Amino acid sequence: MISPASDLRLLRPFGLTLWAVIAPALAVLAIGLGKPAGAVSALVVGLLLGAAIMAAVYHAEILAHYLGEPFGTLVLAVAVTVIEVSLIVSIMLGEGAQAQALARDTLIAAIMITINAIVGICLLAGGRIHHEQSYTQSGVSAGLAMLATLSVLTLILPNFTTSAPGAFYETKQLVFVAVVSLLIYATFVMAQTIRHRDHFLHQIADANDHAHEDAVAPPKALAAGGLLLVALIGVVFLAKNLSPMIEGAVASAGLPRALVGIIIAALVLAPEGFAALRAARANRVQTSLNLAIGSALATIGLTIPSVAIVALVLGLELELGLSMKSTVLLALTLLVATLTLSRGRTTIVQGVIHLVIFATYLFTTIVP
């Protein structure tokens, strides 16, 4: 006869909610089915994708409670970015020269989604509940300074160099920028986790920061970490499998193909977005900002070195320079982020401003 304790272990393996264990496994199994053939299969894949996203957020929260901040947010940001970079590299290996602008399009979409959409939604949702929210200014300012430097070096400077025509870097320039990108991101990680960890922490008396919860046991944290990785793999590759359906819907609506890349990037970044939103609603806006800025930095700092290696090995050219329209929006994003996140407190005003910029980015993508 099965005891009640055995029943509980079956329903909560390693102390985890059962659906959060099953969802990542089903998502990974669904990858093997390939691209959806019809509306019904696309709906099923979409539902599994949504379940995998929510499972990733669930497991990330457990890891954040176990590791403490800012390690918890760093794990989620790096995990998502590593898998996203793997996806970009796999597409480059498959499409070759046809994917020369893929890295650029992914980077600008990721910056706009993290710094405008995620930050905007978090500040709006958190401000609506808590009116004003506070964070540690020094860490956010350091992150934005690094993001501005990386963005200009990778996405704007190629348009103004003369060693290679157009929006391209010459080989030595590409190697230099790849090394600098990795160096800046490594410096950010060291500052966030070791040398200046306190700059990325902010304690609020009424914040829901897990202080009242029981400590997470190591086996539970280990299981959550493994399932987080599985869930993120499911998110990325199910999003990739859904892309033909998305492309078909976008094409049938007469919309620009660039919108497909934004949708895919949004799906891949969804776990971080939901985790950041939950933190903002719990009055932990510092965690939200750590996730958003850290994700943008990780996207550039890990993507550029990876795609540079692939490009050099395969003899491909990387088109990194942005169009003038995208350059203006990127400059506006960096300027506004520097101003809105410059005083250690946020309100819904800053959230609305960032969302307006993101809406402008989407609108000018659809109506160029």
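Among contacts in the protein between residues at least 6 apart in sequence, what percentage join residues at least 24 apart? The figure is 85%. Keep it in mind while reading on. The model described here is predicted.

## Overall build

The protein contains 12 helices and 2 strands. Their order along the sequence is α-α-α-α-α-β-α-α-α-α-α-α-β-α. The chain has 368 residues, and a compact globule with that number would have a radius of gyration near 21 Å. The protein has 21 Å, so it agrees with that expectation. The C-alpha trace spans about 75 × 50 × 40 Å along its principal axes.

Of the 368 residues, 52% count as buried. The accessible surface comes to about 16200 Å². Carbon and sulfur atoms account for 71% of that surface. The charged side chains number 17 positive and 17 negative. The centres of these two sets lie 2 Å apart.

## Contacts across the sequence

Four residues show how parts of the chain meet. The table pairs each with a partner and gives the C-alpha separation.

| Residue | Partner | Places apart along the chain | C-alpha separation |
|---|---|---|---|
| Leu302 | Thr81 | 221 residues | 7.4 Å |
| Val57 | Ala270 | 213 residues | 9.1 Å |
| Gly294 | Thr114 | 180 residues | 9.1 Å |
| Pro158 | Leu174 | 16 residues | 9.4 Å |

Start with helix H10, which holds Leu302 and Gly294. Leu302 counts as buried because its relative accessibility is 18%, and the cut-off for buried is under 20%. Setting aside residues up to four places away in sequence, Leu302 touches Thr81, Val82, Val85, Leu182 and Tyr185. Gly294 has a relative accessibility of 5%, so Gly294 counts as buried. With the same residues up to four places away left out, Gly294 touches Ala77, Tyr185, Phe188 and Leu289. Tyr185 is among the contacts of Leu302 and also among those of Gly294.

Next comes Val57, in helix H3 (residues 39-67). Val57 is buried, with a relative accessible area of 1%. Not counting residues up to four places away, Val57 touches Pro271, Phe274, Ala275 and Arg278.

Pro158 sits in a loop, between helix H6 (137-156) and helix H7 (171-195). Is this loop residue buried or exposed? Pro158 counts as buried, at 0% relative accessibility. Leaving aside neighbours within four places in sequence, Pro158 is in contact with Val152, Leu153, Gly166, Ala167, Phe168, Tyr169, Leu320 and Gly321.

## Aromatic rings

How many aromatic pairs does the structure hold? There are 4. In one of them, the ring centres of Phe358 and Tyr361 are 6.2 Å apart and the planes meet at 45°, so the pair is tilted. A tilted pair has planes that are neither under 30 degrees apart nor over 60. Phe358 and Tyr361 both belong to helix H12 (residues 348-366). They are 3 residues apart, about one turn of the helix. Both Phe358 and Tyr361 are buried.

Tyr185, Phe188 and Phe200 form one aromatic cluster. Two members of this cluster, Tyr185 and Phe188, are touched by Gly294. Leu302 touches Tyr185.

## Two positive phi angles

Most residues other than glycine have a negative phi. Two residues here deserve a look.

His131 is not a glycine, yet its phi is positive, about 70°. His131 is found in the loop between helix H5 (102-130) and strand S1 (133-134). Its relative accessibility is 61%, so His131 counts as exposed.

Asn283 is another residue other than glycine with a positive phi, near 65°. Asn283 lies in the loop between helix H9 (258-281) and helix H10 (285-314). Is Asn283 buried or exposed? Asn283 counts as buried, because its relative accessibility is 8%. Set side by side, His131 is exposed, whereas Asn283 is buried.

Methods
Residues are numbered from 1 along each chain as its sequence is written. This is a predicted model: local features need pLDDT of at least 70, side-chain atom pairs count only at pLDDT 80 or more; totals for chains, interfaces and linings use all residues. Side-chain values use heavy atoms; hydrogens and water are left out. Helices (H or I, at least four residues) and strands (E, at least two) are DSSP runs, numbered from the N terminus. The radius of gyration is taken over C-alpha atoms; the globule rule is 2.2 Å times the number of residues to the power 0.38. Buried means under 20% relative accessible area, exposed over 50%, partly exposed in between (1.4 Å probe, protein chains only). Contact means heavy atoms within 4.5 Å. Accessible areas come from the Shrake-Rupley method with a 1.4 Å probe; for residues, only the protein chains shown count as cover. Lys and Arg count as positive and Asp and Glu as negative; His and the chain ends are not counted. The place of a charge is taken as NZ of Lys, CZ of Arg, CG of Asp or CD of Glu. Rings of Phe, Tyr and Trp (its six-membered ring) pair if their centres lie within 6.5 Å; planes under 30 degrees apart count as stacked, over 60 as edge-to-face and the rest as tilted.
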